[in-house]
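Thanks, everyone. Please bring up the sequence and the structure, and we will walk through them together.

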Amino acid sequence: MKLHANGLSHLGLRVTNLARAKRFYVDTLGCQLVREIDGAVLVNVYGTLISLYGADSHSSSNDHFDPFRVGLDHLALAVEDTSILEDLRRDLDAAGVLNHGVEEDLETHDKYISFYDHDGIAWELYSVSTHPDV
């Protein structure tokens, strides 16, 4: 079997509070709002479309994201320049967004910052450099 796919269409994320998630992705992170329909919001996260879906009758009221369950571990966006990561950390701190500050990948030595949305979904802003040994 060959998929014949030519790229990622979109990601779908289930969130506990759709209005709060929309504010976080659009207002806090500066993502572009593409479309809203009943029970879902589509945002453009710097070239990647993400569908945010509100909780439904199958969702537990106390459910939360767990990167250690089978499924999504985290999402990573590439940033062009390592020098902007410290500014991004300050912006996340100012917005009250939980993050770990600028870190270094032990394998590639690339710099990144990880943070979490209100449902605990893990994100990274990753400065990818070219390494001949990777």
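Start with a polar contact. The side chains of D110 and T108 are joined at 3.1 Å. Keep in mind that this is a predicted model.

Where does D110 sit? It is in the loop between β6, residues 99-104, and β7, residues 111-116. Is D110 buried or exposed? Buried: its relative accessible area is 4%, and the cut-off for buried is under 20%. So here is an acid that is buried yet has no salt bridge. Which side chain of opposite charge is nearest to D110? That is K111, and K111 is 9.3 Å away. A salt bridge needs a nitrogen to oxygen distance within 4 Å. There is also a link to a distant part of the sequence. D110 and T82 are 28 residues apart in sequence, but their C-alpha atoms are 8.3 Å apart in space.

Now the hairpin around that loop. β6 and β7 pair in the antiparallel sense, over 4 bridges. One bridge to look at: E103 has Y112 in β7 as its partner. The hairpin has 6 residues between the strands. One residue of this hairpin, H109, takes a positive phi near 65 degrees.

Step back to the whole chain. How many helices and strands are there? The count is 2 helices and 8 strands. Along the sequence the order is β-α-β-β-β-β-α-β-β-β. The protein chain has 134 residues, and 32% of them count as buried. Take contacts between residues at least 6 apart in sequence: 46% of those join residues at least 24 apart. The exposed surface is about 8,900 Å², with carbon and sulfur atoms supplying 51% of it.

Next, helix α1, residues 18-28. Which of its residues are buried? They are L18, A21, F24, Y25 and V26. What do the buried residues of α1 pack against? The list is β1 (11-14), β2 (32-37), β3 (40-45), β4 (48-53), β7 and β8 (122-127). Look at both ends of this helix. N17 caps the N-terminal end of α1, with a side-chain oxygen 3.2 Å from the backbone nitrogen of A19. Just after α1 comes G30, with a positive phi of about 80 degrees.

Now strand β5, residues 75-79. In a regular strand the side chains alternate between the two faces of the sheet. β5 shows that alternation. L75, L77 and V79 point to one face and are buried. A76 and A78 point to the other face and are not buried.

Zoom in on L75. Its relative accessible area is 10%, so it counts as buried. What does L75 touch, leaving out residues up to four places away in sequence? The answer is L11, L13, I50, A122, W123 and E124. L75 and L125 are 50 residues apart in sequence, yet 8.8 Å apart in space, C-alpha to C-alpha.

That brings us to the partner strand. β5 and β8 pair in the parallel sense, over 5 bridges. Within that pairing, A76 has E124 in β8 as its bridge partner. E124 is also among the residues that L75 touches.

To close, two residues to keep on screen. D110 is buried without a salt bridge. L75 is buried too, at 10% relative accessible area. Over to you for discussion.

Note on methods:
Residues are numbered from 1 along each chain as its sequence is written. This is a predicted model: local features need pLDDT of at least 70, side-chain atom pairs count only at pLDDT 80 or more; totals for chains, interfaces and linings use all residues. Side-chain values use heavy atoms; hydrogens and water are left out. Buried means under 20% relative accessible area, exposed over 50%, partly exposed in between (1.4 Å probe, protein chains only). A polar contact is a pair of N or O atoms within 3.5 Å; within protein, one must be able to donate a hydrogen and the other to accept it, and residues adjacent in sequence count only if both atoms are side-chain atoms. Lys and Arg count as positive and Asp and Glu as negative; His and the chain ends are not counted. Contact means heavy atoms within 4.5 Å. Accessible areas come from the Shrake-Rupley method with a 1.4 Å probe; for residues, only the protein chains shown count as cover. Two strands pair if DSSP finds at least two bridges between them.
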